[in-house]
Structure formats: structure tokens, C-alpha cells
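Colleague: I've just opened this one and don't know my way around yet. Can you walk me through it?

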Amino acid sequence: VFENLKESIAKFFRSEKYEEAVNEFIKDLQKELVKSDVNLNLAFEITKKIKERALTQEPPVGVSRKEWFLSIVYEELVKLLGGDSKPSIKPARKPWIIMLVGLQGSGKTTTAAKLAYFYKLEGYKVGLVAADTFRPAAYDQLRQLGEQIGVPVYGDPSIEDAVEIASRGVKYFVEKGFEVVIIDTAGRHHKEEDLLEEMRLISSSVKPDEIILVIDGSIGQQAYNIAKKFHETTPIGSIIVTKLDGTAKGGGALSAVAATGAPIKFVGLGEKVEDFEVFKPSKLVGRVLGYGDIEGLVERVKRIQLELTEKDVEDIMEGRLNMRLVYKQLVSLRKMGPLRKILQMIPGLGVKIPFEVDPKDLELKLSKWLAVINSMTYDELDNPEIIDKSRLKRIARGAGVDAEYVRELLKQYDLLKKLSKQLKKRKDLLKKLGEGF
Ligand code: GDP
Ligand code: MG
């Protein structure tokens, strides 16, 4: 679906001039966002922000400008969707009254059952209230779903007043000690105003703890306006996006978030009650960007963002060294690393820094060594001295590299350790001579 953007990313990496490449990519991204149903203004706003960061912020040591750019794109989109954190799905108190709103066909009734099933499996006592009195079959549909998941359904087809059903249903379950009560509502009326008015009345009568907007993931460009209208009637606390199992690009979800400021909590991935998941922003962004391993890339950039802290330098100067410091040193080696610079700025030391690797091999060796360090245990990181033959083998296997690389890294570690000790001696000597630091 996002073949175009994949092509844009490839083009971006091929292009030689960074700023031009950014501008080009931004244009493609705007087009693609709009095509995938993100609201026009929103697409414009996000891309503007991305561009600003891309052209003013420096990548961290060891990250290429282009990788940095893609990680900014990803970060901004994820931020829009509420950040990396998992949404809070635990009811803040009991009983917790949830009211679902949304258009007819968006998947409200199905979602009511999915949500009930989800909370039931989380250990809550859950009840469903059938407050869609506009569509005659709605009650039966919910009752059948309730039977299927073993959750009681309150409803009365003889009552036409949805507000009355809703408040009676909530009262019924609360009195019986139920912990989560979910109200299914109508999605259509003779007039749109009537529907919105009914939502307002139900809401003011039952005072729900959470109003959830259920929105069809394939709704397209209308998503923004629909979400806005519901939000203006009954403040939306969270969003559930349905039908993401289909070909929907999910951009409408981005727009719904922008229109309401509410986070997406769950997504619907099919017609069955178990086709339901807690929402993960990175997954949707990956989908919107159509770049498979964007998460991997971002992870890497984050790891590389480590830099030597003052404390690290102090540790090195004091002869204290561990693999974590070596890791940071390796990472910063890709450029003139901070450690090297710092050491060269210290007068009278004139030490030769180890890790003099042929630049040709540097990239390959660095990536293998980083993998080696990643497969070490905490103990091994803090005390590489404990690494014996069998540990060495295990580390090599874990890193998927030849044991030779592990040995070589340990040798480099020894060198650096010696240097570090040497530094301390000289420092002590200098101090004695009154030339302190
Ligand atoms: P309501 O009018 O908002 O209550 O919507 P319904 O719950 O009756 O759902 C409308 C249709 O969408 C039904 O055929 C559902 O089976 C279907 N549906 C709901 N959620 C999903 C979903 O996540 N994926 C798919 N493929 N179909 C869904
Ligand atoms: Mg329904």
C-alpha cells in the first residue's frame, strides 16, 4: 500500500545533498499522509515540524544524518499518537462506567463485546448495557455476543428511550457490585442532531468515567470531522480504531487523535471477539510509513545516543574501567570520539590511544564488537576479567560472531585498562609536582 513511500525512502538514501533530500522526502510524506487519510492541515503541521528538526538538529555521534532524519520522522509520528508508552487500560476506580459512541457500522457493538471480554480476562466483573434503541436488532446482537463471552447484557426491547435503558442498566450492574460497565449506543438517528443530542443526554444521565469513540479505520478523510463532532458533544476520553485487519491505511486514526486530543487505546483486527489488541503507536506508524524495520533503526539511534558523561571520564582517569565504558568509546569512535578529544586536550599526557583499527575495517569490527558487548551479562560488563573460555564461547554464540572477535575485543579492553591505570599514575604524579588538574 505504501510502495510510494518505500520508494521515497530509497530515493532519500540515494540522494547526495541532505537538505534537498529532506525537502523531497517531506513532499512525498505529505502526499502519502493525505493519501492514507491523514487530515490535510495535520499532515502539513507534522511535516513542518519534522523539517525544522531535521535542518536544525545535529545527529548524535555515530549516527548518519539520514538515519537521524528517519528517526525524527518516526518520533514525531509516534509522539502524535501519544508517545512510546503503552496506554493506560486499568480502570482508575470501581465501578468504571464506559460509554461507547460512534457512527453506525463503525463496530461499536462488536467492540463492546471485545472490550467486555478483554476486561473479563483481566479479572474484572463486567456487564454490558444495550442502549441502541434505534436499530431493533441491536439488542439481540449484543445479547448473543454476551452469551458467547459469558458476560451479562442488560436490555429491554420494549423500552424506546435510550437514556432510560442506559441509566437503568448502569444502576442494575452497579448495585450488583459489577466493576466495569460498558454501554453500547446507537450510531444513527433520523437526524444527526438527534443522535448527538441522545449521546449528550445519556452522558449527563449516567456520568460515564470514560467515553470511548469507536472509529472505523477505513473511514478516510471524514475521520477528522466525525471525531470532532462527537468530541464537541461528549468529550472523548479515548479512541478505539476498528477494522485495521483490512486494507485500511489507518491515517484516519491519526486524524481522530488530532481532532480530540484523546489517545488510541485499542484496535480491532477482525470480526471475532478475540481480534482485539492494546494499541501500540509504533506499529501504526510503521504501517503508515511502510518501512519495515523503522523500529530497529530507531532503537539503534537511541542506543548510539549514549555519550561519555563527566563521570565516565572521571572513571577512566581514576583507572576504573568496565565494558560499558568501552561500549560508549567504541560507539563514539566512529568519529573523533569525545574520549580521544578529551585526552588530547590534557597537557603533558601525550598518550597513544588504543583501538587503532584500520579505518577500512572499522565499520565491520565496530558492529561485531557492539554485538559482542550486547550479549554480555551485567556481571561480565562490570568485570570483564571473569570472562573465561566457556563464557567467551557463549558470548560469541549469542552475538553471532566468531570467537576471535570476542578475544580481540577483550585484548582491546586490556589495553585500555592499562592506559587508564597509566593515566591515574601520571595524574597522581602531576599532582605531586603541583601541576594538578
Ligand atoms: P455498530 O453499528 O457500530 O454497532 O457496528 P457493528 O459492531 O455492528 O459492526 C459492523 C460490522 O463491522 C459488522 O459486520 C462487524 O462484524 C464488523 N466489524 C467490527 N469490527 C471489526 C473489525 O475490527 N474488523 C473487521 N474486519 N470487521 C469488523
Ligand atoms: Mg451497534
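Modeller: Sure, let's go from the overall picture to the details.

Modeller: Keep in mind that this is a predicted model, where local features need pLDDT of at least 70, side-chain atom pairs count only at pLDDT 80 or more, and totals for chains, interfaces and linings use all residues. Residues are numbered from 1 along each chain as its sequence is written, chains are lettered from A and ligands numbered from 1 in the order in which they are written, and side-chain values use heavy atoms, with hydrogens and water left out.

Colleague: Okay. How many helices and strands does the protein have?

Modeller: There are 19 helices and 8 strands. Those are DSSP runs numbered from the N terminus: helices are H or I with at least four residues, strands are E with at least two.

Colleague: And what share of the residues is buried?

Modeller: Buried residues are 52% of the 437 in the protein. Buried means under 20% relative accessible area, exposed means over 50%, and partly exposed is in between, using a 1.4 Å probe and protein chains only.

Colleague: In what order do the strands sit in the sheet?

Modeller: It's an open sheet of 8 strands in the order 3-2-4-1-5-6-7-8, with mixed pairing. Two strands pair if DSSP finds at least two bridges between them. Strand 3 (153-154) and strand 8 are at the edges with a single partner strand each, so one side of each has no neighbour in the sheet.

Colleague: Which way do strands 5 and 6 run, parallel or antiparallel?

Modeller: Strand 5 (residues 210-216) and strand 6 run parallel, joined by 5 bridges. In that pairing, V214 stands opposite I240 of strand 6. Next along, strand 6 (residues 238-242) pairs with strand 7 in the parallel sense over 3 bridges, and V241 has V267 of strand 7 as its bridge partner. Strand 7 then pairs with strand 8 (residues 276-278) in the antiparallel sense, over 3 bridges. There, G268 is partnered by F276 in strand 8.

Colleague: Is strand 7 buried or exposed?

Modeller: Buried: 5 of the 5 residues in strand 7 (residues 264-268) are, so the rest of the structure largely encloses it.

Colleague: There's a lysine in there, K265. What does K265 touch?

Modeller: K265 is in strand 7, and counts as buried at 13% relative accessibility. Leaving out residues up to four places away in sequence, K265 touches P87, S88, I89, E210, S238, I239, E277, V278 and F279. Its side chain also reaches the backbone oxygen of S88 at 3.0 Å.

Colleague: Switching topic: which residues of the largest nonpolar core touch the most other members?

Modeller: F25, F69, I183, F230, I239 and I264 do, out of 72 residues in that core. A nonpolar core here is a set of buried Ala, Val, Leu, Ile, Met, Phe, Trp, Tyr and Cys residues joined through side-chain atoms within 4.5 Å. Helix 4 (residues 65-80) supplies the largest share of this core, 8 residues. Domain 1 (3-84) and domain 2 (96-279) both give residues to the core, so it lies between them. Those domain bounds come from an automatic or database domain assignment.

Colleague: What is F25 in contact with?

Modeller: Not counting neighbours within four places in sequence, F25 is in contact with L5, S8, I9, F12, F69, L70 and V73. Contact means heavy atoms within 4.5 Å. A second, separate core has 28 residues, including I98, A113, F118 and V180.

Colleague: Now the ligand. Which residues come nearest to ligand 1?

Modeller: G105, K108, T109, T110 and D245 come nearest, out of 16 residues around ligand 1 (a residue is near if one of its heavy atoms lies within 4 Å). The side chain of T110 has an N or O atom 2.5 Å from an oxygen atom of ligand 1. A polar side-chain atom of D245 is 2.7 Å from a nitrogen atom of the ligand, and one of E271 is 3.3 Å from a ligand oxygen atom.

Colleague: Any backbone oddities? Where is the cis peptide bond?

Modeller: It runs from K94 to P95, with omega near -5°. P95 is in the loop between helix 4 and strand 1 (96-101). K243 has a positive phi of about 65° although it is not a glycine, and K243 is in the loop between strand 6 and helix 10.

Note on methods: A polar contact is a pair of N or O atoms within 3.5 Å; within protein, one must be able to donate a hydrogen and the other to accept it, and residues adjacent in sequence count only if both atoms are side-chain atoms.
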